[in-house]
Amino acid sequence: MAKAPVLRHGPVVPQVENLLRHRLRSGEWRPGERLPNEVRLAAALGVGRSSVREAVRLLARDGLLVVRHGAGTFVADPPDEGAGVVDVGRLVRRARLLEVYEVRRALEVEAARLAAHRVRPEDVERLRAGLHRRGELAGGDAAAFVAADLEFHRSVVELSGNALLLSLFTAVRPVLFEALTDMVRHEENLPDVAHAHTALLAALERGDAAAAVAATVDNLESVLSAIRAAVGER
């Protein structure tokens with residue numbers, strides 16, 4: 001295999017999954033071909049075996065790989081496009097993201113309300129810098145943009161002063177990173193929620209809890225609507 005790629009800072013599993021997904025799509029491994037074993041893949045990618053194992057599990061869940069215990073991991077046969085097969089893997093990812101986003105909405109609404117009461121001037125400047133970075137990365141590399149976006153939101157949750165809310169956000173962040181990066185890369189007509197982020201920052205700076213909640217709802221409901229449409233929910 002090729003020289004180990006340089007991974008960015010942030011969650012490792014989504015990056016490993018995306019690397020393997022790209023190699024599968026580029027035809028590096030053909031349908032029915034067995035992939036190198038877990039040890040070789042981990043060494044080639046410069047990551048731990050557990051990261052490879054989880055990435056393979058996600059790709060198998062999406063129907064791209066088949067894990068045969070005792071035999072190895074194989075590239076799945078492509079779907080019969082002539083039969084009108086639905087991309088079930090993508091629907092599963094969207095359904096999974098929908099559930100996570102519903103939890104995210106609940107925790108971030110409360111976090112925004114609390115943060116508006118507890119934010120300090122120096123916190124506002126840090127948030128402004130994070131929002132500026134998010135804006136700079138918009139339209140560029142999807143993973144870098146999503147990482148900046150989630151870091152801005154993590155900072156707001158942190159300012160809530162509620163350790164449990166922060167722990168919950170930290171727990172769902174890898175799933176959000178994986179799915180949102182995929183959406184930014186491949187989905188068309190995603191809502192532009194830059195205005196909602198600006199409104200949230202302004203509300204926090206004023207200490208306006210109601211406006212901070214409204215801006216958070218505006219941001220997350222826009223994306224929730226897009227996800228619901230993708231999985232056929234209302």
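A nonpolar core is a set of buried Ala, Val, Leu, Ile, Met, Phe, Trp, Tyr and Cys residues joined through side-chain atoms within 4.5 Å. The close-up views described below are all taken from a predicted model.

**View 1. The largest nonpolar core and the helices that supply it.** This core holds 26 residues, and those that touch the most other members are L97, Y101, L150, L176, L180 and I227. At least two residues of the core come from each of the helices α4 (88-118), α6 (142-159), α7 (163-186) and α9 (209-231), and the helix that gives the most is α7, with 9 residues. When neighbours within four places in sequence are left aside, the contacts of L97 are L176, A179, L180, M183 and I227.

Elsewhere in the model, a second core of 17 residues, separate from the one above, includes A116, V124, L159 and L204.

**View 2. T181, a buried residue of helix α7.** Buried residues have under 20% relative accessible area, and T181 is therefore counted as buried, because its relative accessible area is 1%. The side chain of T181 reaches back to the backbone oxygen of F177, at 2.6 Å. Apart from residues up to four places away in sequence, T181 touches N18, A142, A143, V146 and L176.

**View 3. Helix α5 and its two faces.** Helix α5, which runs through residues 121-137, has 17 residues and reaches 25 Å from its first C-alpha to its last, close to the 24 Å expected at 1.5 Å a residue. Among the residues of α5, D123, V124, L127, L131 and R134 are buried. These buried residues cover an arc of only 95° around the axis, which means that they lie on the same side of α5. An α-helix has 3.6 residues a turn, so residues three or four places apart point the same way. On the face of α5 turned away from the buried side are the exposed residues P121, H132 and E136. Just after α5 comes G139, which takes a positive phi of about 85°.

**View 4. The hairpin of strands β1 and β2.** Strand β1 (residues 65-68) and strand β2 (residues 72-75) run antiparallel and are joined by 4 bridges. R68 stands opposite G72, a residue of β2. Between the strands of this hairpin there are 3 residues, and G70 takes a positive phi near 90°.

**View 5. Helix α6, a mostly covered helix, with its cap.** From its first C-alpha to its last, α6 reaches 26 Å over 18 residues, close to the 26 Å expected at 1.5 Å a residue, and 15 of these 18 residues are buried. The N-terminal end of α6 is capped by D141, which has a side-chain oxygen 3.3 Å from the backbone nitrogen of A143. After α6 follows G161, a residue with a positive phi near 80°.

**View 6. Helix α8 and its buried face.** The 13 residues of helix α8 (residues 194-206) should span 18 Å at 1.5 Å a residue, and this agrees with its end C-alpha atoms, which are 19 Å apart. Buried in α8 are A196, H197, L200, L201, A203 and L204. Because these buried residues fall within an arc of 165° when α8 is seen down its axis, they line one face of the helix. G207, which follows α8, has a positive phi near 75°.

Notes:
Residues are numbered from 1 along each chain as its sequence is written. This is a predicted model: local features need pLDDT of at least 70, side-chain atom pairs count only at pLDDT 80 or more; totals for chains, interfaces and linings use all residues. Side-chain values use heavy atoms; hydrogens and water are left out. Buried means under 20% relative accessible area, exposed over 50%, partly exposed in between (1.4 Å probe, protein chains only). Contact means heavy atoms within 4.5 Å. A polar contact is a pair of N or O atoms within 3.5 Å; within protein, one must be able to donate a hydrogen and the other to accept it, and residues adjacent in sequence count only if both atoms are side-chain atoms. The expected span of a helix is 1.5 Å times one less than its number of residues. The arc is that of the directions from the helix axis to the C-beta atoms. Two strands pair if DSSP finds at least two bridges between them.
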